[in-house]
Amino acid sequence: MGKKKRLEKACQRAIEKHLREREGFDSSGTDAAYGSAPFDAGLLSSLKLPSGWRSGRTEQFLLGAVVGAAAAYVLSDEKLRGNIVKSAIRLYSNFAGGIEELKEQVGDLKAEIEAERASDA
């Protein structure tokens with residue numbers, strides 16, 4: 001048996017041992033009761049959710065609900081929405097100004113290179 005095969009078998013045994021030590025998970029690493037990824041792998045894993053809420057689909061739903069609530073709040077508040085739009089316009093104008101400045105610097109460098117070539121010739 002080659003080194004690679006022995007290493008693969010040793011890794012597989014270590015994974016299986018780890019999974020056996022974790023109650024409620026089968027050998028594929030999924031939650032046997034809910035058919036989802038291990039509960040400690042998710043974004044909301046630090047929350048003390050009821051045991052029936054331990055699926056990835058529930059986590060996605062909760063995250064979507066939070067994002068949706070935040071978007072609804074932002075869109076319903078005129079003052080906040082106005083501030084966000086103003087900030088976005090300011091950010092865009094600063095970005096566009098930076099691009100124009102970069103274009104000028106590139107043009108200056110091209111002109112310097114052309115002047116050096118003309119003086120060398």
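Tyr-92 is exposed in this predicted model, because its relative accessibility of 59% is above the cut-off of over 50%. The residue lies in helix 3, which covers residues 78-120. Together with Phe-95 and Ile-99, Tyr-92 makes a nonpolar patch of about 350 Å² on the surface. In an α-helix, residues three or four places apart point the same way, because there are 3.6 residues a turn.

Helix 3 contains 43 residues. At 1.5 Å a residue, a span of 63 Å is expected for helix 3, and the end C-alpha atoms are 63 Å apart, so the two values agree. The N-terminal end of helix 3 is capped by Asp-77. A side-chain oxygen of Asp-77 lies 3.4 Å from the backbone nitrogen of Lys-79.

The protein chain as a whole has three helices and zero strands. Along the sequence, these elements follow the pattern α-α-α. Of the contacts in the protein chain with a separation of 6 or more, 0% are accounted for by residues 24 or more positions apart.

Burial and surface were computed for the protein chain as well. Of its 121 residues, 9% are buried. The accessible surface of the protein chain comes to about 10200 Å², and carbon and sulfur atoms hold 60% of that area. The nonpolar patch of Tyr-92, Phe-95 and Ile-99 takes up about 350 Å².

Methods: Residues are numbered from 1 along each chain as its sequence is written. This is a predicted model: local features need pLDDT of at least 70, side-chain atom pairs count only at pLDDT 80 or more; totals for chains, interfaces and linings use all residues. Side-chain values use heavy atoms; hydrogens and water are left out. Helices (H or I, at least four residues) and strands (E, at least two) are DSSP runs, numbered from the N terminus. Buried means under 20% relative accessible area, exposed over 50%, partly exposed in between (1.4 Å probe, protein chains only). Contact means heavy atoms within 4.5 Å. Accessible areas come from the Shrake-Rupley method with a 1.4 Å probe; for residues, only the protein chains shown count as cover. Patches are made of residues with over 30% relative accessible area and no salt bridge: like charges are joined within 9 Å, nonpolar side chains (Val, Leu, Ile, Met, Phe, Trp, Tyr) within 5 Å. A salt bridge is a side-chain nitrogen of Lys or Arg within 4 Å of a carboxyl oxygen of Asp or Glu. The expected span of a helix is 1.5 Å times one less than its number of residues. A polar contact is a pair of N or O atoms within 3.5 Å; within protein, one must be able to donate a hydrogen and the other to accept it, and residues adjacent in sequence count only if both atoms are side-chain atoms.
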